[in-house]
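Opening the notebook on a new model today. I want to look at pockets first, then at a few spots elsewhere.

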Amino acid sequence: MTPKEVLALCREKGVRSVDLRFMDFPGLWQHLTIPVSTLTEDTFEEGVGFDGSSIRGWQRINESDMLLVPQPETAAIDPFAEITTLSIICNIQDPITREDYSRDPRNVARKAVNYLKSTGIADTCYVGPECEFFIFDDIRYDQSSNSGYYYIDSVEGAWNRGRDEKPNLGYKLRYKEGYFPVPPADQMFDLRNEMMHLMIECGIPIEAQHHEVATGGQAEIDMRFADLVLMADRVMMYKYIVKNVARKHNKVAVFMPKPLFGDNGSGMHTHLSLWKGGQPLFAGRGYAGLSDVALYAIGGLLKHAAALCAFSNPTTNSYKRLVPGFEAPVNLAYSQRNRSAAIRIPMYSPNPKAKRLEFRCPDPSCNPYLAFAAMLMAMIDGIQNKIDPGQPLDKDIYDLRPEELKDVPTTPGSLQEALSALLADHEFLLRGDVFTPDVIDTWTWYKMENEVTAVQLRPHPYEFCLYADI
């Protein structure tokens with residue numbers, strides 16, 4: 001869509017407001033709204049000014065002026081606004097130099113794709129994330145100097161089997177048995193259906209929706225794969241639709257990786273493939289029907305996995321999900337069909353165009369622009385340096401004897417460990433000026449200061465169960 005076509009769409013649909021959206025550094029959509037009368041073809045070149053110092057992890061107060069530059073191909077009618085509103089995703093530029101801003105996550109993703117093309121390896125990276133989330137009826141939390149708690153509730157929750165609901169009709173999903181009973185046990189069916197069809201109306205192709213494994217309303221809606229930047233854009237619209245449909249029904253959607261103790265967390269298994277000239281590069285005659293290029297890409301992902309986790313699993317809560325000994329992909333190995341490995345090669349179809357890798361570590365708390373870009377850079381490094389991924393691990397990792405398991409590396413055990421790994425291993429991200437040093441430095445500083453240290457300083461409620469009587 002061109003700027004002229006966007007203006008024509010505004011006239012056709014009776015648009016009265018234009019919502020300019022962009023991604024902050026940690027990974028939340030931000031927005032600024034203008035009346036449609038101020039949107040002209042020049043706006044797509046000149047941009048709209050805003051205060052960059054108020055955005056997390058961005059500018060200092062003495063360098064606050066920045067520009068939102070609307071990208072016409074991202075224009076879509078907002079399905080929730082009472083007044084007809086067009087949403088447009090923006091790139092961020094410096095108003096003086098007109099350079100793209102290094103800490104704009106979308107800019108990092110765009111540079112990663114351009115770097116891929118410059119290497120001659122491929123011209124397209126297709127990404128297909130499986131975003132899982134919970135739909136709760138109630139979520140309350142607080143932290144003060146003398147108290148700290150959270151409380152979550154769901155009509156489906158196994159913990160509510162004995163609650164007086166006047167009447168309680170049962171149909172509470174047992175722990176780890178949410179995959180996939182039909183209604184009435186699945187009480188989120190209509191809600192997910194509404195989310196799915198709204199996504200389709202907003203231009204996001206959907207393959208399936210279903211209840212996920214956990215009790216308490218865990219869900220998944222699968223988008224069809226797309227090229228990297230477009231998919232990151234779609235992940236943000238996906239979250240926007242999920243959250244707002246839930247709110248419309250007086251519920252709340254939560255993308256925290258591990259909100260419930262004792263049941264499965266939410267992952268974002270990410271399918272990846274490289275193409276060149278319309279042809280897939282990952283299909284071949286090697287293990288699981290893979291090409292050498294695909295095996296080297298796996299080698300890159302495994303070599304840099306600890307550093308990647310700083311972007312793909314970027315919260316302290318992420319490592320409540322990535323715990324050894326449970327059903328989480330913490331073991332850095334690859335395998336066909338085996339969901340206990342960090343990298344799985346799906347075997348659903350013999351079609352070469354379906355050949356892909358599934359990186360199972362990521363979770364939906366990530367900033368998709370940064371996470372997808374980092375994964376691509378790791379694959380490029382693996383291909384350029386012909387990194388051997390080693391032998392596949394086709395056994396059930398959870399049944400391996402300790403002497404067999406000791407040689408299988410694992411993901412970091414905490415966000416602090418992942419950030420340390422990133423500081424020690426980020427040269428591959430700097431190539432092509434994709435991730436600049438200030439992005440790495442600011443990311444690690446922000447996460448340590450605002451999340452790791454902040455959590456370390458506060459007593460945990462369970463510590464009182466353990467230690468209050470000492």
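Which helices and strands each supply at least two residues of the lining of the largest pocket? I'm working from a predicted model here. I went through the elements and found strand 8 (138–143), strand 9 (148–153) and strand 13 (252–254) on the strand side. The helices I noted are helix 5 (228–248), helix 8 (318–321), helix 11 (415–424), helix 13 (437–456) and helix 14. Helix 13 gives the largest share of that lining, with eight residues.

Next I pulled up the pocket itself. It holds about 2,200 Å³ of space, and 49 residues line it. Nearest its centre I find Met256, Lys258, Thr316, Asn317 and Val455. Sorting the lining by class, I get 27 nonpolar, 13 polar and nine charged residues.

Then on to helix 14, which spans residues 461–467 and includes Tyr467. Buried or exposed, or something in between, for Tyr467? I have its relative accessible area at 46%, so it goes down as partly exposed, since that label covers values from 20% to 50%. Tyr467 also belongs to a nonpolar surface patch with Tyr462, Leu466 and Ile470. Together the four residues have about 490 Å² of accessible area.

Last entry: Gln336. I located Gln336 in strand 16 (residues 334–336). Its relative accessibility is 28%, so I logged Gln336 as partly exposed too. I also checked its spacing to Pro437: the two are 101 residues apart along the chain, and their C-alpha atoms are separated by 36 Å.

Terms used: Residues are numbered from 1 along each chain as its sequence is written. This is a predicted model: local features need pLDDT of at least 70, side-chain atom pairs count only at pLDDT 80 or more; totals for chains, interfaces and linings use all residues. Side-chain values use heavy atoms; hydrogens and water are left out. Patches are made of residues with over 30% relative accessible area and no salt bridge: like charges are joined within 9 Å, nonpolar side chains (Val, Leu, Ile, Met, Phe, Trp, Tyr) within 5 Å. Accessible areas come from the Shrake-Rupley method with a 1.4 Å probe; for residues, only the protein chains shown count as cover. A salt bridge is a side-chain nitrogen of Lys or Arg within 4 Å of a carboxyl oxygen of Asp or Glu. Helices (H or I, at least four residues) and strands (E, at least two) are DSSP runs, numbered from the N terminus. Buried means under 20% relative accessible area, exposed over 50%, partly exposed in between (1.4 Å probe, protein chains only). On a 1 Å grid over the protein atoms alone, a cavity is a set of points where a 1.4 Å probe fits but cannot get out, and a pocket is an open set with protein on both sides within 12 Å along at least five of seven lines; lining residues have an atom within 4 Å of a point. Grid points are joined across faces, edges and corners, and a volume is the space filled by probe spheres set on the points. Ala, Val, Leu, Ile, Met, Phe, Trp, Tyr, Cys and Pro count as nonpolar, Asp, Glu, Lys and Arg as charged, and the others, Gly among them, as polar.
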